[in-house]
Amino acid sequence: MATPIAERGYAHPDVLVSTDWVQEHLHDPKVRLIESDEDTLLYASGHLPGACNVDWTADLNDQVRRDYISRAAFEGLMSRLGVTNDTSVVFYGDKNNWWATYAFWVFQLFGHSNARVMDGGRLKWEKEGRPMTREVPSYARTQYKASDRNDLPHRAYQNDVLSHIRTQGQLVDVRSPEEYAGTRLHMPDYPNEGALRGGHIPGAKSVPWARAVNPDDGTFKPASELKKLYCEDQRLSPSQETIAYCRIGERSSHTWFALKYLLGFENVRNYDGSWTEWGNSVGVPIEK
Amino acid sequence: MTYPEKLHDLLDMFELFDPADRTSMLLSYSDQFREVPPEVAVRPFDRSHQVPHCESDAYVWAIRQPDGTLDLHFAVENPSGVSARALAVILQKTLSGVQAADIAAVDASIVERLFRQNISMGKGLGLMSMVQAVQSLARSAVAQDTPA
């Protein structure tokens, strides 16, 4: 059994909630559960009672250019979900909360900081035999008002990364060791999405994202183990500016979450352009 | 490509579906999933029957019948393996009772025709791998039936 969240030594333990906590708040009108998965069939096959679905491609990404939705679209999404500016949103999903943390990260671009992640995600809830339903909830529309999207504190662009490596800033490559080494251009068992070059951004430390979770139940490891992983083994300093990246920014949002909220890194950003941008860019430096 | 009749008809039917219908139908198939019976295999399943690259931890068995047809059976160990269960049911319903040689001709392109918008990055290869595993078992059965 996982150690209670409050006893794991996290910098900001309030961003993580247990499956017990979620079950106790299933009918709390101030809480909105949001499932975000890679597998688009999962939500329809059954979800937590009262949970809404947020699709990372259809709901969070601009449908024309490679970018996130506008403020107006985010306000529309939140209103459709029946979320007010005071609602506490709790994300969960498949793959140890990859997409849940990705959605959480996008929500931060719009300043919805009243957000949490359910530790262990969907699989833990299912394995514990907790209630699931296929009933899609309907909530009264709200008039959500978002801030202008502010990428600066949370998101790094390619030019930011180029500046960052010139000053030998901290970079974390969260992809598989094979992707980091450049021996493969995509995740194991995933299609090649067309990066022309393999390798990693110069100076990046390799810490595959999944090392932050317990493989048996998908819960985050306690702070002591995370500190060893990132701070001791890889000599990453919580006080220094840090950028995490992967392939499209989804796995690295998981690491971004762990570094920022669980270990208290003061300035950590997610480079969502990641390897699909870097590995296709002309003239950028690459290490193998 | 000519597919066995039941599979051909099912693929034609899926062509008519809008995304919502397709999702409902796939879930309906997933709900019909029945695991490999104990007379065929029991846990721990033999790794030689495991589908490679499948995150749903799927297993497949093809039992040769005296008339040269195959009976297909599946196990899907991941409780979130909705798509794998749906595909298993589709393959079982449309290919069990079909001659091994005809099953061997079914290729992985059926996955895209069945799942369309419901293929996610991670599961596409796993689902195609399930079809390829069936194809491989069928080819082995054909080879055993072919005189040296």
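Me: Which domains does the domain assignment give for chain A?
Reply: Keep in mind that we're looking at a predicted model. Chain A gets two entries in its domain assignment, one covering 5-127 and the other covering 158-278. So that you can find them again, here are their names, as the assignment has them: domain 1 (5-127) and domain 2 (158-278).

Me: Which element gives the most residues to the side of domain 1 of chain A that touches domain 2 of chain A?
Reply: The C-alpha centres of these two domains lie 21 Å apart, and 21 residues of domain 1 of chain A are in contact with 20 residues of domain 2 of chain A. On the domain 1 side, α5 (98-109) and α6 (121-127) of chain A are the elements that give two or more residues. The one that gives the most, with 6 residues, is α5(A).

Me: What pattern does chain B follow along its sequence?
Reply: Let's hop over to chain B, which has 6 helices and 3 strands. Put them in sequence order and you can read off the pattern: α-α-β-β-α-β-α-α-α.

Me: Why does one side of β1 and of β3 in chain B have no neighbour in the sheet?
Reply: The 3 strands of chain B make an open, antiparallel sheet in the order β1-β2-β3. β1 (58-64) and β3 (98-99) stand at the edges, so each is left with a single partner strand. Strand β2 (residues 69-76) of chain B is joined to β3(B) by 2 bridges, and one of the pairs is B:Leu70 with B:Val98.

Me: At about what angle does helix α3 of chain B run to β2(B)?
Reply: Find residues 82-95 of chain B, which form helix α3. This helix lies across β1, β2 and β3 of chain B, and its angle to β2(B) is about 165 degrees.

Me: What radius of gyration does chain B have, and why does it agree with a compact globule?
Reply: Chain B has 148 residues, and a compact globule with that many would have a radius of gyration near 15 Å. The value for chain B agrees with that, because it is 15 Å.

Me: Which helix of chain B supplies the largest share of the side that touches chain A?
Reply: The contact takes 19 residues from chain B and 15 residues from chain A. On the chain B side, α2 (19-31), α3 and α6 (121-145) each supply at least two residues. By class, that side divides into 6 nonpolar, 11 polar and 2 charged residues. The largest share, 6 residues, comes from α6(B).

How values were computed: Residues are numbered from 1 along each chain as its sequence is written. Chains are lettered from A and ligands numbered from 1 in the order in which they are written. This is a predicted model: local features need pLDDT of at least 70, side-chain atom pairs count only at pLDDT 80 or more; totals for chains, interfaces and linings use all residues. Helices (H or I, at least four residues) and strands (E, at least two) are DSSP runs, numbered from the N terminus. The radius of gyration is taken over C-alpha atoms; the globule rule is 2.2 Å times the number of residues to the power 0.38. Two strands pair if DSSP finds at least two bridges between them. Two residues are in contact if their C-beta atoms, placed from the backbone, lie within 7 Å. Axes are lines fitted to C-alpha atoms, for helices over the stretch in contact, and angles run from 0 to 180 degrees between N-to-C directions. Ala, Val, Leu, Ile, Met, Phe, Trp, Tyr, Cys and Pro count as nonpolar, Asp, Glu, Lys and Arg as charged, and the others, Gly among them, as polar. Domain bounds come from an automatic or database domain assignment.
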